[in-house]
Amino acid sequence: MSLDLEQIRRIARLARIAVSDAEAADTAASLSGVLGLIGEMQAVDTTGIEPMAHALDAQVSSAQRLREDKAVEPDRRTAYQASAPAVQDGLYLVPRVVE
Amino acid sequence: MLNASLSEMSAALESRKISSVELTQLFLGRIAKLNGELNAFITADAPRALKDAAAADARRATGQSGPLLGIPVAHKDIFCTEGIRTTCGSKMLADFVSPYDAHVISRFGAAGAVLLGKTNMDEFAMGSSNESSYFGAVKNPWRRSAVPGGSSGGSAAAVAARMAPAATGTDTGGSIRQPASFTGVCGVKPTYGVVSRYGMIAFASSLDQGGPMGKGAADLAALLNVMAGFDARDSTSLDRPPEDYARDLERPVAGLRIGLPREYFGDGVDADVAARVQDAIRWFEGQGAKTVEITLPNTKLAVPVYYVLAPAEASSNLSRFDGVRYGHRAAEYADLYEMYCKSRAEGFGAEVKRRILVGTYVLSHGYYDAYYLQAQKIRRLIAGDFSDAFAQCDVIMGPVAPTTAYEAGAMSGDPVKMYLGDIFTIPASLAGLPGMSIPCGFDSKGLPVGLQAIGNYFSEARLLNVAHQYQKATDWHIRVPDAFPL
């Protein structure tokens, strides 16, 4: 299984990672290697096997525990925004999206 | 005191032979002396450590005590620590200071342990050699040209060189067990769900599990007693009654049924590794344990399955690093889309990008059934192999890795070759089972070999028992590298 440069650009766009034309060829080669490894599982007959989404679904209920729909956390907005690259008036700043 | 067990350290603190401040200074001195060479720590915060130590001494002066009160512990830099930067080995988080502590950090704090520093790791825990850290590679104390393993390689090297009495690690596909094996220390990956993931930066959420690393199994039991336990803030944390993981340490191993999977002793395992593991198994037989040959027929599928599931989950988890709320933001961009793309391209290293792209591909439209769903189905077959095996045995033994520590750079050009080195640790991770690495000797180059013991769900106390009995008769776990004498 190998990927061409156009597929690499599409995946990189979906993942929001800039890949230069120079990097794209290397990326295609290394991703093709990984997909070759992954391809080994394609031949396995898994008819009738339930997918296993949770490591312990045979041991414990795989249903996610839900908490009560009630605000319990204190307001720590200032502390949380201290690590943001750009904030103003308690809001995160990003480039203008809507003109 | 540098090579003492945690219980010996605790006894010395309790009898006032040493204070926590003095003990902490001893390890801080060792870090100051050796870290330039080994690069095991990303951040060693001496003032904070000494403040914790003074607080522990004050608690003891008021009559309090506890197995970890005043004991210095190093933490993998994946655990968020309020007020001390948490980098996850990445440029993305090079300046990130968490506004809260991880659950594991809070538990150690409550137990009175001293936070010695934050250890180096593969970037976002993605790697098996500790060469992908933004903060530079970690060296193996047993041979500085060799890797320490990964991704918890900084914690492993710190314990191996006695820069810390104990450390925390995390294991997604072997990241506690393999570096423990490569550096001659002891480490346990608990059953999935036993240790809360709250504040532990996510890589692959259905696999990630924190665990302790230290010199011996008795130390790990004391550490796990603090780390384990229910936490409502992690939706996969298991609500079970607390256990004393040290309760079975002294149980004899006579009658223990040891399963030897034929897939773990075949071609591809170094002769020295196989020989040391077999020596250890013979010791158990000499104590009255019985061996039984078992089969884990889907072993060879574990690596391909893992390299679908882990990158898929990583691509989703790491989408949070967008340059908006925390982490690196590019200096120049024309619009929001370019800000995302450039911030992520600059902030992530090559291996992390590779895994995000693989994960994005396998989850993309039209491929989900062929990759992600197929991998989840085979994951069930792999878990089924283990449940069949545990009908015949109490513990499974084999090598942790097919080789001892390899030379730095040996695998870095070929990711698939490096991935295949995790063949014996990934299966237990996929099944959610506990596993540990126990030092069991050295190869002809003087590099440590690790014996892996895998147990059934929630059998951590039994694994620690088995390791402790072996360690009472052997001294592999208390040997110190010649280059770093005490």
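Let me begin with a group of charged side chains in chain B, where B:R240, B:E243, B:R247 and B:D248 are joined to one another in a network of salt bridges. Please keep in mind throughout that what we are looking at is a predicted model, and that the values I quote are computed from its atoms.

That network belongs to a wider set, since the structure as a whole holds 24 salt bridges when the chains are taken together. I will pick out a few of the pairs, and for each of them I would like to say where its two partners stand with respect to the surface.

The pair I take up now is B:R60 with B:E14, whose closest N and O atoms lie 2.4 Å apart. This contact links distant parts of the chain, for B:R60 sits in helix α3 of chain B, residues 46-61, while B:E14 sits in helix α1 of chain B, and the two are 46 residues apart. Are the two partners buried or partly exposed? B:R60 has a relative accessible area of 4% and is therefore buried, whereas B:E14, at 40% relative accessibility, counts as partly exposed.

Next comes the pair formed by B:D171 and B:R177, whose side chains meet in a salt bridge with an N to O distance of 2.9 Å. Here B:D171 has a relative accessible area of 0%, so it is classed as buried, and B:R177, with a relative accessibility of 0%, is buried too.

A further pair is B:D231 and B:R233, a salt bridge in which the closest N and O atoms are 3.0 Å apart. B:D231 is buried, with 5% relative accessible area, but B:R233 counts as partly exposed because its relative accessibility is 42%.

Let me turn from charges to empty space. As a general remark, rolling a probe the size of a water molecule over the atoms shows where empty space is left.

How much volume does the largest pocket have? The value is about 510 Å³, and the lining consists of 25 residues, with B:C80, B:Y100, B:G199, B:R320 and B:Y326 lying nearest the centre of the pocket. Sorted by class, the lining of this largest pocket comprises 13 nonpolar, 6 polar and 6 charged residues.

The second largest pocket has a volume of about 340 Å³. Its lining is made up of 19 residues, and those closest to the centre are B:S5, B:S7, B:A218, B:D219 and B:H468. The elements that contribute two or more residues to this lining are α1 (6-14), α7 (217-227) and α15 (460-473) of chain B. By class, the lining of the second largest pocket has 7 nonpolar, 8 polar and 4 charged residues.

Besides the pockets, the structure holds 1 cavity of 30 Å³ or more. The largest cavity encloses about 80 Å³ of space, and among the 13 residues that line it, B:G127, B:S128, B:S175, B:Y306 and B:D422 lie nearest its centre. That lining divides into 4 nonpolar, 7 polar and 2 charged residues.

I would also like to draw your attention to some points of backbone geometry in chain B. Which peptide bond is cis, with omega near 10°? It is the bond from B:G150 to B:S151, and B:S151 is found in the loop between β3 (114-119) and α5 (153-160) of chain B.

The loop between β3 and α5 of chain B is also the place of B:F124, a residue other than glycine whose phi is nevertheless positive, near 50°. With a relative accessible area of 1%, B:F124 is buried. B:F458 likewise is not a glycine and has a positive phi, of about 65°, and its place is the loop between β11 (448-455) and α15 of chain B.

Finally, a word about chain A, where A:Y80, A:V87 and A:Y92 form a nonpolar patch on the surface, with about 240 Å² of accessible area together. Why can A:Y80 belong to a patch of this kind, given that membership asks for over 30% relative accessible area? A:Y80 has a relative accessible area of 35%, so it is partly exposed and lies over that cut-off. In terms of secondary structure, A:Y80 lies in helix α3 of chain A, residues 77-81.

Conventions. Residues numbered from 1 in each chain as written. Chains lettered and ligands numbered in written order. Predicted model: local features only at pLDDT ≥ 70, side-chain atom pairs only at ≥ 80, totals over all residues. Heavy atoms only, no water. Patch = residues over 30% accessible without salt bridge, like charges linked within 9 Å, V, L, I, M, F, W, Y side chains within 5 Å. Areas by Shrake-Rupley, 256 points an atom, 1.4 Å probe, with all protein chains shown as cover. Salt bridge = Lys/Arg side-chain N within 4 Å of Asp/Glu carboxyl O. Helix = DSSP H or I, 4+ residues; strand = E, 2+ residues; numbered from the N terminus. Buried < 20%, exposed > 50% of the residue type's maximum accessible area, 1.4 Å probe, protein only. 1 Å grid on protein atoms, 1.4 Å probe; cavity = no way out; pocket = protein on both sides within 12 Å on 5 of 7 lines; lining within 4 Å. Points joined across faces, edges and corners; volume = space filled by probe spheres on them. Nonpolar A, V, L, I, M, F, W, Y, C, P; charged D, E, K, R; others polar.
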